[in-house]
Amino acid sequence: MVNCNWKATFRFITHSPKSFFQRRCIPPSRNPTFLPSASTSEFLCLGQRVFPFFNSLSNRVDITEGCIGMPSAVLRKCYGSTAGLVQRNPKYSTLNDEDVSYFEGILGKKNVIQDEERLVAANTDWMHKYKGSSKLLLQPRSTHEVSQILKYCNSRCLAVVPQGGNTGLVGGSVPVFDEVIISLSSMNNIVSFDKVSGILVCEAGCILENIITFLDNEGFIMPLDLGAKGSCQIGGNVSTNAGGLRLVRYGSLHGNVLGLEAVLANGTVIDMLKTVLKDNTGYDLKHLFIGSEGSLGIVTKVSILTPPKLSSVNVAFLACKDYIICCWTDQNCFNTCDVLMELKRLEGKLLQEAKRKLGEILSAFEFLDIQSMNLVLNHLEGTRNPLPTMHNFYVLIETTGSDEAFDKQKLEAFLLHAMENELISDGVLAQDINQSSSFWHLREGIPEALMRAGAVYKYDLSIPVDKLYNLVEEMRTRLGNVANVVGYGHLGDGNLHLNISAPQYDDKILSQIEPYVYEWTSKHRGSISAEHGLGLMKANEILYSQSRETVQLMASIKNLMDPHKILNPYKVLPHSFSS
Amino acid sequence: MKIMVAIKRVVDYAVKIRVKPDKTGVETQNVKMSMNPFCEIALEEALRIKESGFASEVVAVSMGPSQCVDTLRTGLAMGADRGIHVDSTATLFPLSVAKLLKALVEVEKPTLLILGKQAIDDDCNQTGQMIAGLLNWPQGTFASKVIVDKEKQVATVDREIDDGIETLSLDLPAVITTDLRLNQPRYATLPNIMKAKSKPIKKYTPQDLKVEIKSDLEIIQVTEPPKRKAGVMVSSVDELINKLKNEANVI
């Protein structure tokens with residue numbers, strides 16, 4: 001319910017008329033020295049014309065001043081950040097009429113889309129940061145059709161970009177140039193569901209929220225939940241190894257996906273659609289497709305282990321004075337033994353038992369800072385601060401269990417202890433689902449609030465929990481008052497969403513952020529992409545988180561599986577490795 | 001001045017209601033139960049009146065099975081001073097509730113009785129009117145604004161009616177039932193949740209209050225509303241007109 005607002009906005013943005021996208025986009029004039037050293041030489045030696053992404057759009061500026069009453073800040077968001085300059089690889093063929101007729105032969109005219117309005121939507125990512133200029137959108141309805149499409153594209157050396165709900169944040173789901181878009185939206189059937197084991201098999205185009213609703217009726221839940229659930233598709237979730245809000249409880253998709261079916265670049269269908277939990281027969285190749293962002297194959301079906309729905313959900317929204325305390329609370333929550341030991345002076349075996357019991361009900365541990373809170377309160381209608389005063393940090397804890405009275409008692413005991421020890425300065429405990437949703441909305445609404453606030457530079461980083469917030473503070477000092485630096489994220493996973501909000505995109509701000517953020521993260525042995533993937537935005541930055549040898553091996557795998565590099569080109573791997 | 005507020009434990013507003021397979025009622029086993037949203041508004045209003053200095057005590061009352069104590073704890077955590085639980089496992093219809101409330105009013109002697117305009121489970125919208133009748137007190141139902149004048153012992157109530165806003169002046173003691181727009185209820189903060197644990201909840205049975213629980217109503221069957229049929233795409237205006245004329249019979 002609370003999500004409605006956000007979803008409505010989202011749909012509005014997703015399905016806006018084409019005029020919306022036809023404004024002139026300011027080509028980023030990046031200074032090559034900001035490119036990471038690994039690929040600088042590659043870029044410099046390109047020599048000739050280097051295309052800004054939006055080249056294709058800049059020649060259709062005509063019509064559209066003051067189109068549909070959107071705030072101008074949103075309209076101006078036509079800016080690709082990192083990796084601002086890529087050249088179209090000339091080895092790819094250009095689409096011709098014969099190709100179109102061939103696709104029409106396979107898919108039927110209806111599923112071969114050349115309509116400009118629909119192409120504009122499919123060419124643009126939801127932040128309006130990345131825009132391609134594809135002339136063709138294909139909507140296969142079966143694995144066989146995907147296979148036929150790829151077989152043909154491979155023989156013709158036509159580049160393709162697989163697309164799900166197009167909710168990615170790193171420009172991975174839209175074409176860079178004229179790649180053919182293969183949308184999985186029409187493959188949206190649930191194939192089977194086993195009520196005993198909770199194993200769901202479905203097609204890649206199923207929208208996450210529809211799966212959640214389906215499972216809810218069966219008494220199960222998805223191990224994955226994220227803000228974009230109303231639009232994102234399971235195939236995309238798996239291909240990007242989406243993390244989300246429940247990872248702390250249910251783990252990543254590498255654990256929950258039991259099997260999948262994927263189509264390789266040459267059209268070969270790889271059936272790994274296992275519905276067993278244990279399978280030690282050779283290399284577990286499904287993992288190659290989880291998180292490889294469609295660069296090794298197109299995921300067409302997935303099999304997922306879903307946990308049973310538990311009836312008792314409690315949500316607490318807590319305030320902390322400073323981050324150290326906030327993070328200490330976090331550790332306490334995991335080492336609940338400490339809390340219980342002090343509470344009940346339990347020892348040995350009993351203590352272990354208690355740790356298990358408390359540990360099992362924790363299902364989310366999220367944090368946001370006062371800057372994030374202010375953004376949400378200022379930009380999202382119907383939000384209010386649950387606490388009487390503002391605090392520097394907020395933590396949202398969710399527990400999910402099977403016994404309401406028991407869980408509540410546990411949580412209250414933990415919270416009481418935390419209050420007594422001044423780990424938290426204030427807090428509220430949701431008394432009904434409506435209140436839970438409004439607390440969640442404060443956390444889940446941050447990306448939307450940031451969108452409304454103007455331009456935003458988004459970084460999704462894994463950093464050791466104790467140092468996580470240092471980066472936010474350092475960025476704040478570094479940027480001074482030119483931008484609003486906000487930090488929030490999945491504290492339970494050590495995942496910081498560092499967002500830098502400015503009135504508009506500005507190269508000067510960008511040069512202050514990158515590569516500093518990546519270098520800082522690398523120095524602390526973190527990951528420069530915790531859950532968003534690399535896409536186009538961070539393809540060239542992979543070396544900050546992976547060794548050269550590892551990336552080399554990745555490139556070899558890519559070469560083996562997709563020798564013509566037709567699958568989602570220019571993304572994931574550095575351009576120096578992939579060409 | 002004392003304010004009494006009736007709060008009901010109902011299936012949570014956000015839960016998808018399921019009808020029991022035997023059609024005797026809706027499923028309440030293993031379903032999240034919460035305070036009726038209109039009762040939350042009633043309690044919030046009482047607390048605001050108390051905070052403006054017009055009342056000295058807010059007493060929350062709930063009736064039903066033992067789990068109603070949880071709902072009362074929520075009320076106490078929001079700020080009510082004490083709770084009363086009328087323990088009854090029997091189905092309580094509005095008239096029984098009104099009779100029980102009347103008995104409690106005679107014990108507690110509040111100046112103001114505030115209730116939600118209706119409960120979201122049975123949507124009866126009767127209890128407030130019935131208790132006002134039984135007590136012979138003035139009533140301001142569907143209140144969207146309440147102002148209490150302690151000196152004159154008068155409550156001014158704005159109510160949303162079809163023609164607009166009606167303003168009533170009620171002599172105290174009186175009954176007020178609350179509408180959605182009256183206020184936005186507060187959250188239960190941790191310190192208040194902790195404090196609520198030590199606030200007293202007094203328990204009564206219908207026998208203690210000398211009220212016989214019986215009803216002239218009998219529920220015969222509870223069924224789900226018919227499922228909406230999927231729409232059809234018509235291929236021409238003629239077909240549409242034909243369908244409107246011959247199938248829907250609307251033109």
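A salt bridge here is a side-chain nitrogen of Lys or Arg within 4 Å of a carboxyl oxygen of Asp or Glu. By that rule, a search of the whole structure finds 32 salt bridges over all chains. The structure is a predicted model. Chain A and chain B bury about 2200 Å² between them. The same model holds 7 cavities of 30 Å³ or more, and its second largest pocket has a volume of about 1800 Å³.

**Salt bridges**

- Within chain A, Lys301(A) pairs with Glu261(A), and their closest N and O atoms are 3.3 Å apart.
- Lys301(A) sits in strand β9 (residues 298–305) of chain A and Glu261(A) in strand β7 (residues 257–263) of chain A, so this pair ties together parts that are 40 residues apart in sequence.
- Between chain A and chain B the count is 2 salt bridges.
- Across the two chains, the side chain of Lys32(B) meets that of Glu404(A) in a salt bridge, at 3.0 Å from N to O.

**Interface between chain A and chain B**

- The size of an interface is often given as the accessible area lost when the parts come together.
- For chain A and chain B this area is about 2200 Å², with 56% of it on carbon and sulfur atoms.
- Three residues, Arg384(A), Gln431(A) and Ile433(A), supply 29% of the area that chain A buries against chain B, more than any other three residues.
- Chain A brings 24 residues to the contact, and chain B brings 22 residues.

**Second largest pocket**

- The volume of the second largest pocket is about 1800 Å³.
- Its lining has 45 residues, and those closest to the centre are Ile212(A), Asp216(A), Lys309(A), Ile433(A) and Ala14(B).
- Five elements of chain A give two or more residues to this lining: α1 (3–14), α8 (208–218), β10 (312–320), β12 (393–401) and α18 (433–444).
- The largest share, 7 residues, comes from α18(A).
- By type, the lining of the second largest pocket divides into 18 nonpolar, 13 polar and 14 charged residues.
- Ile433(A) links two topics: this residue is among those closest to the centre of the pocket, and it is one of the three residues named for chain A at the interface.

**Largest cavity**

- The largest cavity has a volume of about 860 Å³.
- It is lined by 45 residues, and nearest its centre lie Thr167(A), Gly168(A), Leu169(A), Leu226(A) and Thr240(A).
- Elements of chain A that each supply at least two lining residues are β3, α9 (234–239), β9, α18, β14 (455–462), β15 (484–490) and β16 (495–502).
- α9(A) gives the largest share, 4 residues.
- The lining of the largest cavity divides into 17 nonpolar, 23 polar and 5 charged residues.
- α18(A) serves both spaces: it supplies at least two residues to the lining of the largest cavity and 7 residues to that of the second largest pocket.

**Strand pairing in chain A**

- An open sheet of 4 strands runs in the order β1-β2-β4-β3 (chain A), with mixed pairing.
- β1 (112–113) and β3 (160–163) of chain A stand at the edges with a single partner strand each, so one side of each is left without a neighbour in the sheet.
- Inside this sheet, strand β2 (residues 137–138) and strand β4 (residues 180–183) of chain A run parallel, joined by 2 bridges.
- Leu137(A) stands opposite Ile181(A) in β4(A).

**Strand pairing in chain B**

- Strand β7 (residues 139–149) and strand β8 (residues 154–161) of chain B run antiparallel and are joined by 6 bridges.
- The two form a hairpin with 4 residues between them, and Gln153(B) in the turn has a positive phi of about 55°.
- β8(B) also pairs with strand β9 (residues 164–171) of chain B, in the antiparallel sense over 8 bridges.
- That second hairpin, β8(B) with β9(B), has 2 residues between its strands.
- Ala155(B) faces a partner on each flank: Val148(B) stands opposite it, and Leu170(B) in β9(B) is its bridge partner.

**Backbone points to check**

- The peptide bond from Glu514(A) to Pro515(A) is cis, with omega near 5°.
- Pro515(A) lies in the loop between α21 (507–513) and α22 (516–523) of chain A.
- A cis peptide bond also runs from Leu172(B) to Pro173(B), with omega near 0°.
- Pro173(B) is in the loop between β9 and β10 (174–178) of chain B.
- Asn568(A), a residue other than glycine, has a positive phi near 40°.
- The loop between α23 (548–561) and α24 (575–578) of chain A holds Asn568(A).

Terms used. Residues numbered from 1 in each chain as written. Chains lettered and ligands numbered in written order. Predicted model: local features only at pLDDT ≥ 70, side-chain atom pairs only at ≥ 80, totals over all residues. Heavy atoms only, no water. Pairing = 2+ DSSP bridges. 1 Å grid on protein atoms, 1.4 Å probe; cavity = no way out; pocket = protein on both sides within 12 Å on 5 of 7 lines; lining within 4 Å. Points joined across faces, edges and corners; volume = space filled by probe spheres on them. Nonpolar A, V, L, I, M, F, W, Y, C, P; charged D, E, K, R; others polar. Contact = heavy atoms within 4.5 Å. Buried area = accessible area lost by both parts, 1.4 Å probe.
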